[in-house]
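User: I'd like to learn how to read a fold and its surface. Could you walk me through one example?

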Amino acid sequence: MVGIVIVSHSKALARAIVELAQQMVKVPVPIAIAAGINDPQHPFGTDPIQIQKAIRSVYSDEGVIVLMDLGSALLSAEMAVEFLNEKQQPKVKLCAAPLVEGAITAIVQASCGATLEQIITEANNALSGKLAQLSPQEADQPTVSFLTQKSQSHLLSRDLIVKNPLGIHARPAAQFVSIAAQFEAEIGLENRSTNSQSINGKSINQVITLGVRQGHQIRITAGGEDAALALNALREVVENNFGETAMPLPVDLRQCENRGVNTTLRGIPASVGVAMGPVIIYRPSLPQVDEQTCKNPQSEWQQLQAAIQTAQQQIHQIIQSTDHCDIFQAHLLYLQDPTILHQVHHNIFTLGQTVAWAWKTVIEETMTTYQNLDDPYLQARAMDVLDVGGRVLRLLTGRPSPSPNLTQPGILIAQDLTPSEVTHFKTEQVLGICTVTGSPTAHSALIANMLGIPMIVNVGAQLLELAPETVIAMDGKSGEIWMNPDPEQISIFPEKTPITPEQKAITQDGHYISVVANIIGVADAQLARNLGAEGVGILRTELLYMERLTAPTEEEQLQTYREIASILNPYPLTIRTLDIGGDKPVPYLSLDREANPFLGWRGIRQSLDNLEMFKTQLRAILRASQDNNIRLMFPMVSSVAEVRAAKAILLEVKQELQTQGIEFNEKMPVGIMIEVPAAVTMVDKLAPEVDFLSVGTNDLSQYIMAADRTNAKVAKLADAFEPAVLRMVEHSIKIGHEQGIKVSVCGQIASARQAVPILIGLGADELSVNPPCIGEVKAVISGLKMQEVKRLAYEVLELDSAQEVRDYVNNIF
Ligand code: PEP
Ligand code: MG
């Protein structure tokens, strides 16, 4: 093995370099140090004799490489070589590489068994990685610069056969690139079976477009200080078939359909209801961008970094909440893809394009590359580029992607949907929604519930293989989807409960219960009214704030609140102040990524820290309260101090309005949501502070059960039917009543038919439900007897589990 000598003025420096390099090698390398001089007063310096001894100590016929720091070190090293005998001299090379980078590269290469010449070449190239990173302008064409640089040197390489069923498609490519990226070494990848050029193995884009299929031969090339390690790791993943050997090939639904096979798919039910119709595949397109030149490329580039960071946060949130994280892991890699980034950099800095234009151009070019490939599987990857590219572009422009252009009603199929995309759907056109990924408690699902659109999530990638126009039937309650359903399958769909909008919810023994709606905006306010809602129990105002570049102004909010209130009058409109954070990111608020967003800066906590925005919202709500039946509600309350602080700010805003002579309802009721366990245990202290309480069982369940409601793996635990949750609901209602105020329930549970007798039995004064459930909830209440449901409610509190509670109720009703 080639020996290495480190020459430095400082002994400590030389030792540290050796220590660092040894961390990176598994096979020990002969290394000697010749550093510092033997003078306690002046320890820094180099000594030719010491260097000569060091060379001799590691000398073998394979040779020795000497790396040195600066100035006299070179002189001393040259003298030391002259002291060697004639046989040794030609095999000892002084290396011009910078000491730290060069020494580490040389040691790693030596440990991989490289020759004297290979090590010298690699060590001399040791600065290239840093140079490329710090001067991206010079690296506009990474593929070319990669090959040019490395073609001069002797690289480590390995030929392998790819055996996994689909070759290096997106997921294996993501694995390949993730592993490659862990190493400093530059990685090249060639498809030998198609005689391709060597591409950059750290570029997801280039790796996928290489078109490696099952049976192809690839050549992995690695160059750099940790090349051997990188090559080894990459060989391992290819030889392990990217973990895919045991995976069955996906069902080809097009084949099933052509053969007339009646296939059933299953996902997670997210919004009840049944629907049948032709499939409409929704592939979001990129928002409009004007072709403009920029004045300040640096600031454009910074905007891109910020947008990418936010997109990464959004994707990480999706990954936590879905079983299909591989797809989104690949999306993260697209965001770091050096080829894409270098091209965008070039377009901004050299062509003077604005960041949005540059990004859009590069994304479109990348998509075209995929679409032009022969392989249909790889062509489909263009959608991933579109998806992630569109995400960044929406953040850059603040513009939504264009809504789907539906020519006929049908069932919408999508990868996943954002809350705002669902908001834009017209219920008469979108009969149902099925998504590849997604969680039933994500806000997109809640909105589908509110709009009355049946939804099934997490069905899997086969959905996108469906041929357009295939007729499918779906049951949002069971999560089943039938392709080309037969009459028998259609007949099992339950009849919809007839809706009688103006019917009041009065129990058989004369107790009136107010049934109100959960809404997000004007459209569903109207729907709720049409379906018989006697007001709104919660207007989630977040949607007004999301997917925009700036917060909505006071006037914008005022207009929306007034419009909704006028639809509902004389019934009440309960406006919940902003509950941002958690799973609802807002780009312009620069919300840091939090390890536990649901335990983080959300709801009232965020509002109290963001006074300007909070006051703007309170002003708008107060102004809307003039001549309208408006109630104000604070979310995510966990302490009495928060309520007092919020009320103090409300008072300040009221005084400001009074000073300005602006009218509002001075007696506007103020309430809080009970959705944190601390609020339940402190409800006796909180109730005297407010006019009403509203129990938010969605959050309450996740906090009581310690199960993130957006994490598909544990979301099932966050079940409001758990006796643990119901006991908290019971306590909140009881204490609220003792304090003389009304208590409403507004979580998803209030919309569930089986929960209605329990909640009424526990004494809830009002149920706030999703608009499509209003008729059913009213009908259930009308069939109840108070005495009976009181007994039932207290009985279920003694049961052991959510399932037992459901079974118990099912047996009685
Ligand atoms: C709840 O937590 O029950 C609730 C109604 O609020 P959101 O679902 O908007 O968090
Ligand atoms: Mg909540």
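## Reading the surface and the sheet

Analyst: Happy to! Let's begin at the surface of this predicted model. I49, M79 and F83 form a nonpolar patch there, with about 260 Å² of accessible area together.

User: Where does F83 lie, and is F83 buried or exposed?

Analyst: F83 lies in helix α3, which covers residues 72-83. Its relative accessibility is 38%, so F83 counts as partly exposed; the partly exposed class sits between buried, under 20%, and exposed, over 50%.

User: Now the sheet. What is the strand order?

Analyst: First the general idea: strands of a sheet pair through backbone hydrogen bonds, either parallel or antiparallel. Here, four strands make an open sheet in the order β2-β1-β3-β4, with parallel pairing. At the edges stand β2 (31-35) and β4 (92-95), each with a single partner strand, so one side of each has no neighbour in the sheet. From one strand to the next, the twist averages 20°.

User: How many bridges join β1 to β2?

Analyst: Five bridges join β1 (residues 3-8) to β2, and the two run parallel. To find your place in the viewer, look for S8, which stands opposite A35 in β2.

User: And which helices lie on the sheet?

Analyst: One is helix α2 (residues 48-58), which lies across β1, β2, β3 (64-68) and β4 and runs at about 175° to β2. Helix α4 (residues 99-111) also packs on the sheet, where it touches β1, β2 and β3. The direction of α4 makes about 165° with that of β1.

How values were computed. Residues numbered from 1 in each chain as written. Chains lettered and ligands numbered in written order. Predicted model: local features only at pLDDT ≥ 70, side-chain atom pairs only at ≥ 80, totals over all residues. Heavy atoms only, no water. Patch = residues over 30% accessible without salt bridge, like charges linked within 9 Å, V, L, I, M, F, W, Y side chains within 5 Å. Areas by Shrake-Rupley, 256 points an atom, 1.4 Å probe, with all protein chains shown as cover. Salt bridge = Lys/Arg side-chain N within 4 Å of Asp/Glu carboxyl O. Buried < 20%, exposed > 50% of the residue type's maximum accessible area, 1.4 Å probe, protein only. Pairing = 2+ DSSP bridges. Axes fitted to C-alpha atoms, helices over the stretch in contact; angles between N-to-C directions. Contact = heavy atoms within 4.5 Å.
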